[in-house]
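Let's take a walk through this structure together, starting out in a loop and ending at the ligand. Keep the sequence open beside the 3D view as we go.

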Amino acid sequence: MKRFLCRKEEFLSKSFYNIKADLKEQPKPFLHPGTKQPITPDDLAPLFPMGFIMDGGIPDRYIPIPEEVREKMALYRPTSLIYASGLKKYLDTPADIFYKYEGTNPMGSHKINTALMQAYHAAKEGVRGLCTETGAGQWGSALSYAGQMFGLDIEVFMVRTSFRSKPGRKIVMEMNGARVHESPSNLTDSGKKYYSEDPNHPGSLGIAISEAVETAVKGKGIKYSLGSVLDGVLLHQTVIGQEALLQLNDAGAYPDVVIGAVGGGSNFAGISFPFLKDVLTGGKKTRFIAVEPEACPSMTKGELKYDFGDSIGSTPLIYMHTLGKDFIPAPIHAGGLRYHGMAPLVSHLANLGFINAVAVNETKVFDAAKTFVKTEGLIPAPESSHAIAIVIEEALKAKKENKKINILFNCSGHGMFDMAAFDKHIK
Ligand SMILES: *Cc1c(COP(=O)(O)O)cnc(C)c1O
């Protein structure tokens, strides 16, 4: 088997795949926080660019990618599909392991895919700037980069634990022209509530979202941008799975199991949905495993119900797996996975039995990262390492059962800004 599987230009997707076109039963709609009625695109218009709202609402199976965005994606897409021969050999498993590596773009994670689309819509509609939150900094970096590409002002509220443990990410955002604040801050009413109690409050994505939403709504010509959870974001990430499908096909392989880490669910959905299509419409029996941290187990321990997307309760009500909007996760190193909720589409598909969720603890995650560095020579993001922990488990299970299966996972980003975390865990 070749190590790198075809980065052919024709594998760059021309459209996104909309899984809702293939669902018999749709997820429950977002509700207006005041009226408790299903929200309309107009309700969301003060918050998001209309083009982005519509990306989550168009019923078509395939939604074209604008040429301006494809041209920017062509800088780093199609990403490599790598055959993990080093890991396979080390585990001495009959399983073949493949991974999409989303760490090779300028910002180092899959988040750039939706960042480019959201910045494109904003710029096209004459929006001056976008405001957002970031956990570990990957989303803030991606949006800063995309904002710079499309000439937008970007303002970012960064969760305090990450702000302090990953100062490099702040500098990346600033180099891309963004303004970055530590959250909770004293710049917004939502932030002050926590800041006044404790100026060293570790923060959470839920709180940072409240701050960003408030800033966007109060600002002139500013809209809000979200890096995960929403149907439109998941849609944008399907370029990952669509490429993988073509690349695997070229190699004569098809996955028996697809694995991804879940924070809000977007990179997992991105690699999974184009294969889930074959389960929903083509009789395939592929398994899908969503991996989350034990410290923030929204799918394995959370409840499926309507909840707010932020901590203050300013967003629409979302039907999703949630630990409750007030949940403050322990400051684990995978900052991108510290979110109290889960994408409604991922929650829905898990509820229908198409997706299995598992939770792993941080020690196991860093052990997996260590094995991966040793065998594949690539430092994965702590978030991606959650997926790797379960990949190793599945490969060892296949060995025990002497089964030759194909495992596909998403290595959603690199861990080159996570040295403090690795320093603590790897030795
Ligand atoms: C943000 C992030 C995640 C988690 O977010 P999802 O929306 O669940 O994909 C996973 N991996 C990396 C590298 C991230 O930056």
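**From the loops to the ligand**

Start with Ala 253, which sits in the loop between helix 11 (231–250) and strand 10 (257–261). Helices here are DSSP runs of H or I with at least four residues, strands are runs of E with at least two, and both are numbered from the N terminus. Before going further, note that this is a predicted model, in which local features need pLDDT of at least 70 and side-chain atom pairs count only at pLDDT 80 or more, while totals for chains, interfaces and linings use all residues. Residues are numbered from 1 along each chain as its sequence is written, and side-chain values use heavy atoms, with hydrogens and water left out.

Is Ala 253 buried or exposed? Ala 253 counts as buried because its relative accessibility is 11%; the cut-offs are under 20% relative accessible area for buried, over 50% for exposed, and partly exposed in between, with a 1.4 Å probe and protein chains only. For a sense of scale, pick His 181 as a partner: the two are 72 residues apart in sequence, and their C-alpha atoms are 46 Å apart in space.

Now hop to another loop, the one between helix 9 (189–195) and helix 10 (205–218), where you'll find Asn 200. Asn 200 has a relative accessible area of 48%, so this residue is partly exposed. Measure across to Tyr 224 if you like: 24 residues separate the pair along the chain, and their C-alpha atoms are 26 Å apart.

Asn 113 makes a nice contrast in setting, as its place is in helix 5 (residues 112–124). With a relative accessible area of 0%, Asn 113 is buried. What does its side chain do there? The side chains of Asn 113 and Tyr 76 are joined by a polar contact of 2.8 Å. A polar contact means a pair of N or O atoms within 3.5 Å; within protein, one must be able to donate a hydrogen and the other to accept it, and residues adjacent in sequence count only if both atoms are side-chain atoms.Next come some backbone details. Arg 77 and Pro 78 are linked by a cis peptide bond, with omega at about -5°, and Pro 78 belongs to the loop between helix 3 (67–73) and strand 4 (81–83). A cis peptide bond also joins Ser 183 and Pro 184, this one with omega at about 5°. Pro 184 lies in the loop between strand 8 (179–183) and helix 9.

Stay with Ser 183 for a moment, since that residue lies in strand 8. Ser 183 is buried because its relative accessible area is 1%. From there you can look across to Val 156: the two are 27 residues apart in sequence, with 9.3 Å between their C-alpha atoms. Val 156 has its place in strand 7 (residues 153–159) and is buried, with a relative accessible area of 0%. How far apart are the C-alpha atoms of Val 156 and Ala 178? They are separated by 7.1 Å, with the two positions 22 residues apart along the chain counted as their spacing.

Two residues deserve a look for their phi angles. Lys 36 has phi near 60°, a positive value in a residue other than glycine; you'll find Lys 36 in the loop between strand 2 (15–17) and helix 1 (41–44). Lys 36 counts as partly exposed because its relative accessibility is 48%. Val 229 also has a positive phi, near 70°, and is found in the loop between strand 9 (222–224) and helix 11. With a relative accessible area of 4%, Val 229 is buried.

That brings us to the ligand. Which residues come closest to the ligand? Of the 17 residues that surround the ligand, the closest are Lys 111, Ser 228, Gly 263, Ser 266 and Ser 412, where a residue counts as near if one of its heavy atoms lies within 4 Å. This shell divides into 3 nonpolar, 12 polar and 2 charged residues. In that scheme Ala, Val, Leu, Ile, Met, Phe, Trp, Tyr, Cys and Pro are nonpolar, Asp, Glu, Lys and Arg are charged, and the others, Gly among them, are polar.

Zoom in on the atoms. An oxygen atom of the ligand lies 3.1 Å from a backbone N or O atom of Gly 264, and a polar backbone atom of Gly 265 is 2.8 Å from a ligand oxygen atom. In the side chain of Ser 412, an N or O atom is 2.7 Å from a nitrogen atom of the ligand. The protein covers 98% of the 380 Å² of accessible area that the ligand has on its own, using the Shrake-Rupley method with a 1.4 Å probe.
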